[in-house]
Amino acid sequence: MAVVALQPEDSNWNSEQRHVLNSIALEGPKMPHIDNDIKLDFKDVLLRPKRSTLKSRSEVDLMRSFTFRNSKQTYTGIPIIAANMDTVGTFEMAKVLCKFSLFTAIHKHYSLDEWKEFAAQNPDCLQHVAASSGTGSSDFKLLEQILESVPQVHYICLDVANGYSEHFVQFLRDVRKRFPDHTIMAGNVVTGEMVEELILSGADLIKKTGVGYPQLSAVMECADAAHGLNGHIISDGGCSCPGDVAKAFGAGADFVMLGGMLAGHTESGGDLIEKEGKKYKLFYGMSSEVSMKKASEGKVVEVPFKGDVEHTLRDILGGIRSTCTYVGAAKLKELSRRTTFIRVTQQANPIFGDSHQP
């Protein structure tokens, strides 16, 4: 039914009532906003090859060096991070990843004594790990105890499912005030304006995840926002093969955080089970039923047991090097400048398998 403005002859209403109702009628109902801009996921693109002077992928340098905006600390390593999930961010994982100059965000369920034991036995790993925390008072207390007892740890990972809450922003400010010289990772968010908010509130590295937004476009937009403030971005989520990791770097991510790709290994958490003669490990995100007593986000999956994680790491690093070779990037730092994405409707041949191409 159409709504029309009231006329002067509608004398049953006084002038103030007529003004209010006319405003409502003329303005009309508020409709949901639809963003019609095209947003892309990793599966929607391929990377276009370019001329290259590289003879072999072994020539590619994957090491990066960063100086962080708020902590003023420096980082040098290959910027891939094991996610701070119960089944991925383990001390066992950190021992292997640090040998490859990779990083591990340790999950928040280790006790202070377990941290002390790990620090005493693996001092070389401490520059390559972050202590994780939620926003609860008990989380903050344990974080303080860990960082006071193990001062060699200079990284903090503040992780919540929804980084848009004012409570999280205030918690970030409190942590920055308490630890002014530590490098803080914070998330998860998915839009440029919230990336800027967290950087200005004290974070150095913003975890970008793909909730409500296709991954590739989210990385590109969040990276653009962060780099304008001399901040840095972690692409968190959505990578299912080495090609996706390369695409995240090509889209502008400074770091890439991996969960599922590092699950199911000897060094991963989760129970090892056997079904019909095959071995599996339980992999669960932090809102799964298995993890609800501890934290808050994800699902439970039985991941085929993959053996030692070292083999997967070599596959990932080799894939990134191959991508750099195809686009003529001698260093990982150059990959985003050398990347041209080509939109596609299909990447894999469904007849011969479902493998993804870089």
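**Around glycine 259 and strand β11**

Let me begin with glycine 259, which sits in the loop that links β11, residues 255–258, to β12, residues 272–275. Before going further, I should say that what we are looking at is a predicted model. Is glycine 259 buried or exposed? Its relative accessibility is 15%, and because buried means under 20%, glycine 259 counts as buried. If we set aside the neighbours within four places in sequence, the residues in contact with glycine 259 are Ala83, Met85, Val88 and Phe283. Glycine 259 also appears in a record, since the UniProt annotation "binding site", from an unreviewed entry, covers Asp236, Gly237, Gly238, Gly259, Gly260, Gly285, Met286 and Ser287.

From there I would like to step back into the strand that leads up to this loop. In β11, Phe255 and Met257 point one way, while Val256 and Leu258 point the other way, and all of them are buried. Which strands, then, are joined to β11? One is β4, residues 80–82, which runs parallel to β11 and is joined to it by three bridges; within this pairing, isoleucine 80 has valine 256 of β11 as its bridge partner. Another is β10, residues 232–236, also parallel to β11 and also joined to it by three bridges. Here aspartate 236, one of the residues in the UniProt "binding site" annotation, stands opposite methionine 257 in β11. To get from β10 to β11 the chain passes through helix α8, residues 242–250, and this β-α-β crossover is right-handed.

Another residue of that annotation, Gly238, takes us to a further part of the chain. The C-alpha atom of glycine 238 is separated by 6.6 Å from that of glutamine 215, although the two residues are 23 residues apart along the chain. Glutamine 215 belongs to helix α7, and with a relative accessible area of 10% it is buried, because the cut-off for that word is under 20%.

Helix α7, residues 215–227, has a partner worth showing, namely helix α6, residues 192–200: their axes come within 8 Å and cross at roughly 35 degrees. The crossing of α6 past α7 is right-handed. Which residues meet where these helices cross? On the α6 side they are Gly192, Val195, Glu196 and Ile199, and on the α7 side Glu221, Cys222, Ala225 and Ala226.

To close where we started, glycine 259, in the loop between β11 and β12, is a buried residue that the UniProt record lists under "binding site" together with, among others, Asp236 and Gly238.

Note on methods. Residues are numbered from 1 along each chain as its sequence is written. This is a predicted model: local features need pLDDT of at least 70, side-chain atom pairs count only at pLDDT 80 or more; totals for chains, interfaces and linings use all residues. Side-chain values use heavy atoms; hydrogens and water are left out. UniProt positions are given in the numbering used here, feature names are shortened, and annotations may be inferred rather than shown by experiment. Helices (H or I, at least four residues) and strands (E, at least two) are DSSP runs, numbered from the N terminus. Buried means under 20% relative accessible area, exposed over 50%, partly exposed in between (1.4 Å probe, protein chains only). Contact means heavy atoms within 4.5 Å. Two strands pair if DSSP finds at least two bridges between them. A crossover is right-handed if, with the strands pointing away from the viewer, the path from the first strand over the helix to the second runs clockwise. Axes are lines fitted to C-alpha atoms, for helices over the stretch in contact, and angles run from 0 to 180 degrees between N-to-C directions. A crossing is left-handed if the near helix is turned anticlockwise from the far one by less than a right angle, and right-handed if clockwise.
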